Amino acid sequence: MAAPTTDTEVSYPAGALTSEGTVLQVEPAGDDRWAVFLDRTAAHPVDTAWPDQPADRVALRGPDDAYDVAEVRVAGFHDGSVLLGDALPVRTGTPGWVFGVAHVVAGTPPRVGETVTVTVDAAYRAALSVAHSACHLAALALDAALADHWSKAVPEDALGRPAFDALAVTRSSIHEYRSEDVYRIGKSLRKKGFDPSAFDDPDAIAARVTEQLRAWTAAGGSIHVDAEGTGLSARRQWTCALPEGTAAIPCGGTHAESLADLVDPAVTISVEDVPGARLVTMTTRVTAPR
Ligand SMILES: [Zn+2]
């Protein structure tokens, strides 16, 4: 069976919730599970290199059958083999590879050549999209709140502030209407000129971040994902209209369409001192619409 020669075409960055595609390839994925590859899909897969946003919940239907999708993952084709999820050793976009969205189904998969429809759980997608947009905004607001705590020049964020988030983040996870970012302030960040005592009063920093988030969401600017192409590994950027200007951050996830969709954002920050480092966890919550 010939491996795909181009990336799966993806429509989730533009907000699509359904798609129709042709089955190009079906690969065994262990335990009577099969990875189904389509020419195009609306399903957002969890990324391997930076798995911040979970995969969509998806239903797959053919002309006669429905298929139970257990997970949606990124896969890479290289030298005649396909590597799935955690087994994939490279990030999307690596030259010499083709990247696909694997719809992993349990039991009998659809056949190559069949047309299937993909339907995404819209409520779950919306909850993740709002949380992901809030996560980026909170990072920018945190950078702004910490801007006076640097003694040296460092790379700047999308709004021209010292990029604490980008320099210190170790893990970011998106949940329904909530995100969590973990930062590590160790020797290398102190050498770059960051003063860890900035977090001596975490509630004060959290209050400033929340205040900034609410000012931004009240402004109600538009949000969209700019893509250089439709393939899975095309470069994409979250762009958001803020009173300070348009912010752009590289991102492979899905997002709200407007800052007005982020209802009553609020941030909490906790600090833990471990040998050699200060660990900071920022949780950003957004109220779900009724
Ligand atoms: Zn992102």
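About 290 Å³ of space lies in the second largest pocket of this predicted model. The pocket has 17 lining residues, and those closest to its centre are G15, S129, H255, A256 and E257. Two elements, α1 and β12 (223-227), each give two or more residues to this lining. Helix α1 supplies the largest share, with four residues. By type, the lining of the second largest pocket splits into nine nonpolar, five polar and three charged residues. Domain 1 (9-120) and domain 2 (123-287) each give at least three residues to the lining of this pocket.

**The largest pocket**

Rolling a probe the size of a water molecule over the atoms shows where empty space is left. The largest pocket has a volume of about 1100 Å³. Its lining counts 42 residues, and W50, R236, P250, C251 and G252 are the closest to the centre. Five elements are named as giving two or more residues to this lining: α1 (122-145), α2 (164-168), β10 (169-175), β13 (236-242) and β14 (245-250). Helix α1 gives the most, with six residues. The lining of the largest pocket holds 19 nonpolar, eleven polar and twelve charged residues.

Where does the largest pocket lie with respect to domain 1 (9-120) and domain 2 (123-287)? Both domains give residues to its lining, so the pocket lies between them.

Here are the two pockets side by side.

| Pocket | Volume | Lining residues | Given by α1 |
|---|---|---|---|
| Largest | about 1100 Å³ | 42 residues | six residues |
| Second largest | about 290 Å³ | 17 residues | four residues |

**The zinc site**

Which residues coordinate the zinc ion? They are H132 through NE2, H136 through NE2 and C251 through SG, at 2.1 to 2.3 Å. Along the chain, these donors follow the spacing H-x3-H-x114-C. H136 and C251 link distant parts of the chain, as they are 115 residues apart. H136 sits in helix α1, while C251 sits in the loop between β14 and β15 (263-274). Are H136 and C251 buried or exposed? Both H136 and C251 are buried. C251 also appears among the residues closest to the centre of the largest pocket. Helix α1, the home of H136, is the element that gives the most to the lining of that pocket.

**The chain as a whole**

The chain has four helices and 16 strands. Its radius of gyration is 20 Å, close to the 19 Å that the globule rule gives for 290 residues, so the chain is as compact as a globular protein of that length. Taken along the principal axes, the C-alpha atoms fill a box of roughly 60 × 40 × 30 Å. What share of the 290 residues is buried? Buried residues make up 48% of them.

**Two backbone angles to check**

Most residues other than glycine have a negative phi, and most peptide bonds are trans. Y177 has a positive phi of about 60°, although Y177 is not a glycine. Look for Y177 in the loop between β10 and β11 (178-185). D264 is another non-glycine residue with a positive phi, near 45°. D264 belongs to strand β15. Its relative accessibility is 47%, so D264 counts as partly exposed.

**Three strand residues**

Start with A75, in strand β6 (residues 66-78). Is A75 buried or exposed? A75 has 0% relative accessibility, so A75 counts as buried. A75 and V90 are 15 residues apart along the chain, and their C-alpha atoms are separated by 9.9 Å.

Next comes S81, in strand β7 (residues 81-84). S81 is at 37% relative accessibility and therefore counts as partly exposed. S81 and E27 are 54 residues apart in sequence, and 10.0 Å apart in space from C-alpha to C-alpha.

Last is H224, in strand β12. Strand β12 is one of the elements that give two or more residues to the lining of the second largest pocket. H224 has 41% relative accessibility, so H224 counts as partly exposed. From H224 to R290 there are 66 residues along the chain, and the C-alpha atoms of the two are separated by 24 Å.

Notes: Residues numbered from 1 in each chain as written. Predicted model: local features only at pLDDT ≥ 70, side-chain atom pairs only at ≥ 80, totals over all residues. Heavy atoms only, no water. 1 Å grid on protein atoms, 1.4 Å probe; cavity = no way out; pocket = protein on both sides within 12 Å on 5 of 7 lines; lining within 4 Å. Points joined across faces, edges and corners; volume = space filled by probe spheres on them. Nonpolar A, V, L, I, M, F, W, Y, C, P; charged D, E, K, R; others polar. Domains from an automatic or database assignment. Donors = N, O, S within 2.8 Å, 3.2 Å for Na, K, Ca; no water. Buried < 20%, exposed > 50% of the residue type's maximum accessible area, 1.4 Å probe, protein only. Rg over C-alpha atoms; globule rule 2.2 N^0.38 Å.
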